[in-house]
Amino acid sequence: MSDKILIVEDEKEIADLLEVYLTNEGYSVIKAECSKDALVFIEKQNIDLMLLDIMLPDIDGLTLCRQIREKYLFPIIMLTARSSDMDKINGLSMGADDYITKPFNPLEVVARVKTQLRRYTRYNTQETESVNEFDRDGLYVCKDSHICELYGKELSLTPIEFDILWYLCERKGTVVSSEELFENVWGEKYFTNSNNTVMAHIARLREKLGDEPRHPKFVKTVWGVGYKIET
Ligand code: CA
């Protein structure tokens, strides 16, 4: 699916020019000539980015920008004929992400559109990647920063211990066999005595987590099956 860009601009020539360039880049383009139409499109369509002119026939672009920001997060690039710095500050404080002064080179607009969309996509991906964290009952584990905290105090885990813990956190609620753990964490083929290696590391990990072997709070043993961290 191509990204959908809404151009809000009452000067038809400018809107058409931008449409040609953006369509050439593979974007799908919708055009609105006033704020009222723009709002209708925004509510009905999934807009990925908006190019917004400041001087519009009904509500001005800055006000529209502020209204949109109350509900939507997609990037907004303001277009304006006025070039004073004050306008730029105004535009950005209304929630715009970038600012282009007329007359502009359409290629520059395309470049800015790409930059904003890339940033937006990255931002959103990171947001959903908060699955890279585990936070429960005082235990906090973050895969990205390799941090493990117990009741707010950082634990020093060896890389293997961390990997074991994260492997279980990532699959919280499901039982992971000793074999699966070994093959994924150590990346080696599992043999009978590999189980001892896993057990030894689990024991050390539990010790650091303050888990009593008989009644572990975090790393549970499911007899005859494997290990588990509750959801
Ligand atoms: Ca205008």
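These are my notebook entries on a calcium site, a helix, the cysteines and a pocket in a predicted model.

**Entry 1: the calcium ion**

I began with the calcium ion and looked up which protein atoms serve as its donors. Asp10 and Asp53 each contribute through OD and Met55 through O, and these donors lie 2.0 to 2.3 Å from the ion. Along the chain I could write their spacing as D-x42-D-x1-M. I then placed two of them among the elements: aspartate 10 is in the loop between β1 (4-8) and α1 (12-24), whereas methionine 55 is in the loop between β3 (49-53) and α3, so this pair ties together parts that are 45 residues apart in sequence. I also checked how accessible the two are, and noted aspartate 10 as partly exposed, with a relative accessible area of 31%, while methionine 55 counts as exposed at 52%.

**Entry 2: helix α3**

Next I turned to α3, which covers residues 61-69, and asked myself which of its residues are buried. I found Gly61, Leu62, Leu64, Cys65 and Ile68 to be buried. Looking down the axis of α3, I saw that these buried residues fall within an arc of 160 degrees, so they line one face of the helix. For myself I wrote down the background to this: an α-helix has 3.6 residues a turn, so residues three or four places apart point the same way. At the N-terminal end of α3 I noted a cap formed by aspartate 60, which has a side-chain oxygen 3.0 Å from the backbone nitrogen of leucine 62.

**Entry 3: the cysteines**

How many disulfides does a search of the whole structure find? The search gave 0. For cysteine 65, the nearest cysteine sulfur belongs to cysteine 34 and is 17 Å away, and because a disulfide needs two cysteine sulfur atoms within 2.5 Å, I recorded cysteine 65 as being in no disulfide. Cysteine 169 is in no disulfide either, with the sulfur of cysteine 148, the nearest one, 7.7 Å away. I noted as well that cysteine 65 is buried, with a relative accessible area of 0%, and that cysteine 169 also counts as buried, at 2%.

**Entry 4: the largest pocket**

Last, I looked up the largest pocket, for which I noted a volume of about 480 Å³. Its lining is made up of 21 residues, and those nearest its centre are Met199, Arg206, Thr221, Trp223 and Tyr227. The elements giving two or more residues to this lining are α7 (178-185), α8 (194-209), β10 (219-222) and β11 (226-229), and I marked α8 as the source of the largest share, 6 residues.

Terms used
Residues are numbered from 1 along each chain as its sequence is written. This is a predicted model: local features need pLDDT of at least 70, side-chain atom pairs count only at pLDDT 80 or more; totals for chains, interfaces and linings use all residues. Side-chain values use heavy atoms; hydrogens and water are left out. Buried means under 20% relative accessible area, exposed over 50%, partly exposed in between (1.4 Å probe, protein chains only). Helices (H or I, at least four residues) and strands (E, at least two) are DSSP runs, numbered from the N terminus. The arc is that of the directions from the helix axis to the C-beta atoms. A polar contact is a pair of N or O atoms within 3.5 Å; within protein, one must be able to donate a hydrogen and the other to accept it, and residues adjacent in sequence count only if both atoms are side-chain atoms. Donors are N, O and S atoms within 2.8 Å of the metal (3.2 Å for Na, K and Ca); water is not among the atoms, so sites may look incomplete. On a 1 Å grid over the protein atoms alone, a cavity is a set of points where a 1.4 Å probe fits but cannot get out, and a pocket is an open set with protein on both sides within 12 Å along at least five of seven lines; lining residues have an atom within 4 Å of a point. Grid points are joined across faces, edges and corners, and a volume is the space filled by probe spheres set on the points.
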